[in-house]
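Here is a short report on one protein chain. Look over the model before you read on.

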Amino acid sequence: MEINILKEKENVFFNVDGSENQLMNFDNLVTLSEKIVDMKDDFEYQINCSDSSLELYRSTLVELIESLRNDTDLLELLSKKDGV
């Protein structure tokens with residue numbers, strides 16, 4: 001998975017694997033998180049920024065992804081939800 005972070009005017013966007021740009025907001029990050037959890041362990045990623053001023057957004061996404069991959073309680077809850 002390749003995630004690109006870019007800024008247009010005053011808004012920050014991201015896209016995944018060249019898809020349509022999505023505003024970096026809570027709802028879109030939740031959707032991204034769900035995709036990441038669905039991929040489980042077969043997940044490799046790269047995060048690119050259009051410039052260094054977006055490094056904070058990049059590090060935030062790295063933390064989000066790593067916490068999703070390592071949060072066993074969350075993964076257990078999601079597996080129960082999927083099994084229902």
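## Helices across the sheet

In this predicted model, α1 lies across β1, β2 and β3 and runs at about 20° to β2. A second helix, α2, lies across β1, β2 and β4. The angle between α2 and β4 is about 165°.

α1 covers residues 26-39, and α2 covers residues 55-70.

## The overall plan

The protein has three helices and four strands. Follow the chain along the sequence and the pattern reads β-β-β-α-β-α-α.

There are 84 residues, and 26% of them are buried. The accessible surface comes to about 5900 Å². Carbon and sulfur atoms account for 49% of that surface. Now take contacts between residues at least 6 apart in sequence: 45% of these join residues at least 24 apart.

## The sheet

In what order do the four strands stand in the sheet? The order is β3-β2-β1-β4. The sheet is open, and its pairing is mixed. β3 and β4 stand at the edges with a single partner strand each, so one side of each has no neighbour in the sheet. β4 covers residues 46-49.

Strands of a sheet pair through backbone hydrogen bonds, and they do this either parallel or antiparallel. β1 and β2 run antiparallel, joined by six bridges. β2 and β3 are antiparallel too, with two bridges between them. One residue of β2 lets you trace the pairing across three strands. Phe 13 is the bridge partner of Leu 6. Phe 13 also has a bridge partner in β3, namely Leu 23.

β2 is mostly covered. Five of its six residues are buried.

## Two turns with an unusual angle

Most residues other than glycine have a negative phi. Two residues here have a positive one, and each belongs to a hairpin turn.

β1 (2-8) and β2 (11-16) are linked by a loop that holds Lys 9. The two strands form a hairpin with two residues between them. Phi of Lys 9 is near 55°, a positive value, though the residue is not a glycine. Is Lys 9 buried or exposed? Lys 9 is exposed, because its relative accessible area is 80%, and the cut-off for exposed is over 50%.

The next hairpin joins β2 and β3, with five residues between the strands. Asp 17 sits in this loop, before β3 (22-23). Its phi is positive as well, at about 50°. Asp 17 is exposed too, with a relative accessible area of 53%.

## The nonpolar core

How many residues make up the largest nonpolar core? The core has 16 residues. Those with the most contacts inside it are Met 1, Ile 3, Ile 5, Leu 32, Ile 36 and Leu 61. β1, β2, α1 and α2 each supply at least two residues of this core.

Met 1 deserves a second look. Leave aside its neighbours within four places in sequence. Met 1 is then in contact with Val 16, Asp 17, Leu 32, Ile 36, Met 39, Phe 43, Glu 44, Tyr 45 and Gln 46. Among these partners, Leu 32 and Ile 36 are also on the list of core residues with the most contacts. Asp 17 is another partner of Met 1, and this is the residue with a positive phi in the turn between β2 and β3.

Definitions and conventions. Residues are numbered from 1 along each chain as its sequence is written. This is a predicted model: local features need pLDDT of at least 70, side-chain atom pairs count only at pLDDT 80 or more; totals for chains, interfaces and linings use all residues. Side-chain values use heavy atoms; hydrogens and water are left out. Buried means under 20% relative accessible area, exposed over 50%, partly exposed in between (1.4 Å probe, protein chains only). Two strands pair if DSSP finds at least two bridges between them. A nonpolar core is a set of buried Ala, Val, Leu, Ile, Met, Phe, Trp, Tyr and Cys residues joined through side-chain atoms within 4.5 Å. Contact means heavy atoms within 4.5 Å. Axes are lines fitted to C-alpha atoms, for helices over the stretch in contact, and angles run from 0 to 180 degrees between N-to-C directions. Accessible areas come from the Shrake-Rupley method with a 1.4 Å probe; for residues, only the protein chains shown count as cover.
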